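Biologist: I am new to this structure and would like a close look at a single part, the surroundings of the ligand. Could you take me through that part slowly, in one connected account?

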Amino acid sequence: MEQMLSPEAQHFQEKIDKEIKIEPKDWMPEKYRHTLIRQISQHAHSEIIGMLPEGNWITRAPSLKRKAILLAKVQDEAGHGLYLYAAAETLGISRDEMYHQLHTGKAKYSSIFNYPTLTWADMGVVGWLVDGAAIMNQVPLCRTSYGPYARAMVRICKEESFHQRQGFDSLLVLSKGTPGQRRMLQDAINRWWWPSLMMFGPTDDASPNTVQSMQWKIKRFTNDELRQKFVDVCAEQVKLLGCTLPDPDLKWNAERGHYDFGAINWQEFWNVVSGNGPCNKERIEARRKAWDNGAWVREAASAYASKQQAKQAVAAA
Ligand code: FAQ
C-alpha cells in the first residue's frame, strides 16, 4: 500500500517534481536534511583532504609554471571546501561539528584521497582522472534540488573543468617526452584508473541511498550511470596520450553504445572506505594536526570579534 504523505511532505515533493529549489527556511523532511548534511559535508571534507596528496608536490613541481598552476589548483580546492561547508551550515549543522565528525572518523570523505601520489605524473593523472570523475558527478549536482548546494556547485564545476584540462595538458607534455617520462605516465594511469572508477560509489544494487536521493533529486544520475559515462569518455581520451587503461576487458560494445569494462575490486573499495587504505591514517592525522595548530588563530579571531561587538554596543548605547 502506498504510504500517505502529510500535506507538507506532499507539497515538498510537488516542488521537487516541478524543479522548484528547496531553500534553507522551507519545510523539508528530516531525512532529506540529514542526507544533504551527510553528502555535502562528505563532499566538503573530500575537497579539504584532497589538498593533501597534491600539496605533497608543490615543492617538487618541475618548473615555476607548473608550481604556480599547482598552487592555484590546491587553493581552489580549499575554496570549494569552504563553499560546501557554508552550504551545509544552512541546514543547521555547525562547522565545528563537521570538523569534529571528520577528525573522529565519523564522517566519510572520498576514497580516492587515501592513495599516495608517488611521481610527478600523478599530478597530471589526478587532474585528468580524479577531477574528471569529480566533474562527471558534480555537473548534474548544479541541478540538485537544494538551492545553496546547487548554486555552490556552479562555480565549483567551472573550476574543476579547468583543473581537468590542466591535468590533461601536463600529461600531453609527458606523452611527448622521453621513454622514461612515458613509462612514468603509464604507471600513474595504471595506479589511478581503478580507484577513480570507485569514486562513483558502490553499484546501484549495493547503494542504499540512491533510490531516495533520486526521488528527491539530490542525485540526478545513479552511481553506475555516471561511472559508465566516465569510462566512455576516458577510453577515447587515453588514445590521445598514446597510453592504455589497465583493463583487458575494456571493449566497445556497439549494441549498447558504450564501452564494456572489467570487474571493480569492491573489497578494496570498502577496505579503503572503512579506514584501512594506504594513506587513511596519515590524512586524518594531518587534518587533526592542522586543527590543533590553528587553535591560536581561532582564539585570536573570537577575541577580536568580541571586542568589536563590545565597541559597537557602546557606540549604539
Ligand atoms: N568514498 O548509497 P551510496 C573531488 C559511501 S570531490 C567514500 O551510493 P550516496 C574534488 C557513501 O557515503 C570528490 N565513501 O551513497 C577534488 C555511503 O556511506 P554513508 C567527492 C563513499 O551518497 C579533485 C555508502 O558509501 N565528491 O574529487 C564513496 O548516495 C581533485 C553507500 O553509498 C562528492 O562527494 C567514495 N567514493 O552516493 C579535490 C560528490 N562512494 O554516508 C582535490 C557528492 C560512496 O551512508 C583534487 N557526493 N561512499 O555512511 C555524491 O555524489 C554521493 O555522495 C556519492 C555516493 C556518489 C559519492
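Modeller: In this predicted model, helix 2 gives the largest share of the shell around the ligand, with six residues. Helix 2 spans residues 30-49, and the other elements that give two or more residues to this shell are helix 4 (64-89), helix 6 (121-138), helix 7 (147-175) and helix 11 (266-276). Sorted by class, the shell holds 14 nonpolar, 13 polar and nine charged residues. There are 36 residues around the ligand, and those that come nearest are Lys108, Ser111, Ser207, Lys219 and Asn223.

Two of these names return when one turns to single atoms, beginning with Lys108, where an N or O atom of the side chain is 2.5 Å from an oxygen atom of the ligand. For Lys219, the distance between a side-chain N or O atom and an oxygen atom of the ligand is 2.7 Å. Asn209 also takes part, with a polar side-chain atom that lies 2.9 Å from an oxygen atom of the ligand. As for how much of the ligand is covered, the ligand taken alone exposes 1100 Å², and the protein buries 91% of that area.

One further piece of the fold can be added to this picture, namely the pair formed by helix 8 (residues 179-198) and helix 10 (residues 223-240), which pack with their axes 10 Å apart and at an angle of about 160°. Because angles over 145 degrees count as roughly antiparallel, helix 8 and helix 10 are roughly antiparallel to each other, and helix 8 passes helix 10 in a right-handed crossing.

Terms used. Residues numbered from 1 in each chain as written. Predicted model: local features only at pLDDT ≥ 70, side-chain atom pairs only at ≥ 80, totals over all residues. Heavy atoms only, no water. Near = heavy atom within 4 Å. Polar contact = N/O pair within 3.5 Å; in protein donor to acceptor, adjacent residues only side chain to side chain. Areas by Shrake-Rupley, 256 points an atom, 1.4 Å probe, with all protein chains shown as cover. Helix = DSSP H or I, 4+ residues; strand = E, 2+ residues; numbered from the N terminus. Nonpolar A, V, L, I, M, F, W, Y, C, P; charged D, E, K, R; others polar. Axes fitted to C-alpha atoms, helices over the stretch in contact; angles between N-to-C directions. Parallel < 35°, antiparallel > 145°, perpendicular 65-115°, else oblique. Left-handed = near helix turned anticlockwise from the far one by under 90°.
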